[in-house]
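The exercises below go through one protein chain, each with a worked solution. Have the sequence and the structure open while reading.

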Amino acid sequence: MLQSLASNSCVRLIQTHKSTWYFVSLVVGYLLYLIFGAVVFSSVELPYEDLLRQDLRTIKKQFLQENDCLSEERLEQFLRKALEASNYGVSILNNASANWNWDFTSALFFASTVLSTTGYGHTAPLSDGGKAFCIIYSMIGIPFTLLFLTAVVQRIMVFSTRRPITYIHTHWGLSKPLVAIVHATVLAMLAVSCFFLIPAAIFSALEENWNFLESFYFCFISLSTIGLGDYVPGEAANQKFRELYKVGITVYLILGLIVMLVVLETFCELQQLKQLRKMFYLKKEKPVDRLAILEHDQLSFTTVSNSGTTQSQDKSQMFVSVPTLASPNDDPMIQ
């Protein structure tokens with residue numbers, strides 16, 4: 001008996017706080033997915049890092065043996081200075097000295113990565129004035145970019161998603177959820193083809209040291225605004241039409257980001273995903289004033305209904321309650 005009561009209370013507790021339990025499971029699942037990614041990245045990349053460290057030690061040792069006049073401290077100091085400059089996008093190599101990081105096209109590309117929060121990190125402001133302006137420019141520009149992207153995506157969604165789905169549902173008589181799923185799938189395939197596969201093939205042809213996988217990796221990292229910065233196009237020493245190439249990449253990033261947002265918004269409007277999101281959201285509580293008004297209206301309605309019922313019963317008694325005569329002689333009028 002006690003066990004059945006305890007189980008019933010547990011079931012009742014879970015049902016009353018269903019959204020809370022769903023949210024807790026969501027948090028636990030996210031943490032487990034985060035740990036899973038860390039374990040996989042560590043197991044895959046750690047051996048390559050160790051191999052690279054060993055190669056660098058071997059090259060450094062061989063260089064010091066071939067140059068006895070150079071001490072290890074002097075070499076360390078030189079390499080440290082070179083790496084600090086490389087972190088700011090400045091290279092001391094002869095074949096990279098012709099490329100400037102802060103000409104107009106490179107600065108335009110940098111501004112687009114800042115406003116889109118991609119931030120490759122291959123170029124950074126060198127001066128204190130540039131760092132201060134970058135802060136102010138980002139504080140104004142990032143909300144401005146969000147407003148711009150929201151307005152553009154909202155207008156595109158009308159013609160790319162809502163009207164086609166409504167037209168097919170109305171004229172062909174198909175189920176609206178089914179049409180929405182098929183439309184979202186087709187739209188995602190077109191976006192992958194036009195902004196991932198085709199650009200990856202173009203980048204692998206234009207960039208000498210990139211294969212198709214590396215080019216596709218750059219497209220995904222860029223349009224998802226991750227922006228690791230390990231692959232940045234247009235940085236080769238013998239890059240032809242570098243200025244025009246940088247402008248084209250800037251346009252590609254802006255258009256690609258808009259298309260990605262349109263695809264994501266299309267999937268978010270699916271009925272199945274809406275129901276899935278509602279599982280983890282808090283239920284909207286009615287305001288106290290509204291509840292008081294509803295209770296007052298219900299009380300007034302109940303009072304009016306009860307008074308109306310009483311009046312109808314009284315009226316029926318007035319017309320129905322007539323004394324029953326046992327015989328005609330009992331009537332006083334006859335008497």
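**Exercise 1. Which residues of helix 6 are buried?**

Two notes on the source come before the solution. This is a predicted model, in which local features need pLDDT of at least 70 and side-chain atom pairs count only at pLDDT 80 or more, while totals for chains, interfaces and linings use all residues. Residues are numbered from 1 along each chain as its sequence is written, and side-chain values use heavy atoms, with hydrogens and water left out.

Step 1. Fix the terms: helices (H or I, at least four residues) and strands (E, at least two) are DSSP runs numbered from the N terminus. Buried means under 20% relative accessible area, exposed over 50%, and partly exposed in between (1.4 Å probe, protein chains only).

Step 2. List the residues: V179, A180, H183, A184, L187, A188, A191, F195, F196, P199, A200 and F203 are the buried residues of helix 6.

Step 3. Consider the spacing in the list. An α-helix has 3.6 residues a turn, so residues three or four places apart point the same way.

Step 4. Find the cover. Helix 5 (128-172), helix 7 (212-223) and helix 8 (242-268) are included in what covers these buried residues, where contact means heavy atoms within 4.5 Å.

**Exercise 2. Compare the spans of helix 6 and helix 5 with the expected values, and locate a bend in each.**

Step 1. The expected span is 1.5 Å times one less than the number of residues.

Step 2. Helix 6 covers residues 176-206, which is 31 residues. From its first C-alpha to its last it reaches 44 Å, close to the expected 45 Å.

Step 3. Helix 5 has 45 residues and should span 66 Å; the 62 Å between its end C-alpha atoms agrees with this.

Step 4. Now the bends, each being the angle between axes fitted to the seven residues ending at a position and the seven starting there. Helix 6 bends by about 35° at S193, and helix 5 by about 45° at M157.

Step 5. M157 is also among the buried residues of helix 5, together with S138, G141, T145, L149, V153, T161 and I165. The cover over these residues includes helix 4, helix 6 and helix 8.

**Exercise 3. Which residues have a positive phi, and where do they sit?**

Step 1. Recall the background: most residues other than glycine have a negative phi.

Step 2. T117 has a positive phi, near 60°, although it is not a glycine. T117 is placed in the loop between helix 4 (104-115) and helix 5, and its relative accessible area of 45% makes it partly exposed.

Step 3. For T225, phi is likewise positive and near 60°. This residue belongs to the loop between helix 7 and helix 8; T225 counts as partly exposed because its relative accessibility is 26%.

Step 4. A glycine can be added: G173, which follows helix 5, has a positive phi near 75°.

**Exercise 4. Set the UniProt transmembrane spans against the model.**

Step 1. The unreviewed UniProt entry lists "transmembrane region" for residues 21-44, 135-157, 178-203, 215-232 and 244-264. UniProt positions are in the numbering used here, feature names are shortened, and annotations may be inferred rather than shown by experiment.

Step 2. Take residues 244-264: the span is 100% helix and 0% strand, with end C-alpha atoms 30 Å apart.

Step 3. Take residues 215-232: here the chain is 50% helix and 0% strand, and the end C-alpha atoms are 10 Å apart.

**Exercise 5. Describe the surroundings of S106 and F23.**

Step 1. S106 lies in helix 4 and is buried, since its relative accessible area is 6%. Apart from neighbours within four places in sequence, S106 is in contact with W100, N101, R242 and K246.

Step 2. F23 is a residue of helix 2 (residues 18-66) and is partly exposed at 45% relative accessibility. Between F23 and Y281 there are 7.6 Å, C-alpha to C-alpha, for a separation of 258 residues in sequence.

**Exercise 6. How many helices and strands does the chain have, and what share of its residues is buried?**

Step 1. The chain has 10 helices and 0 strands.

Step 2. Of its 335 residues, 20% are buried.
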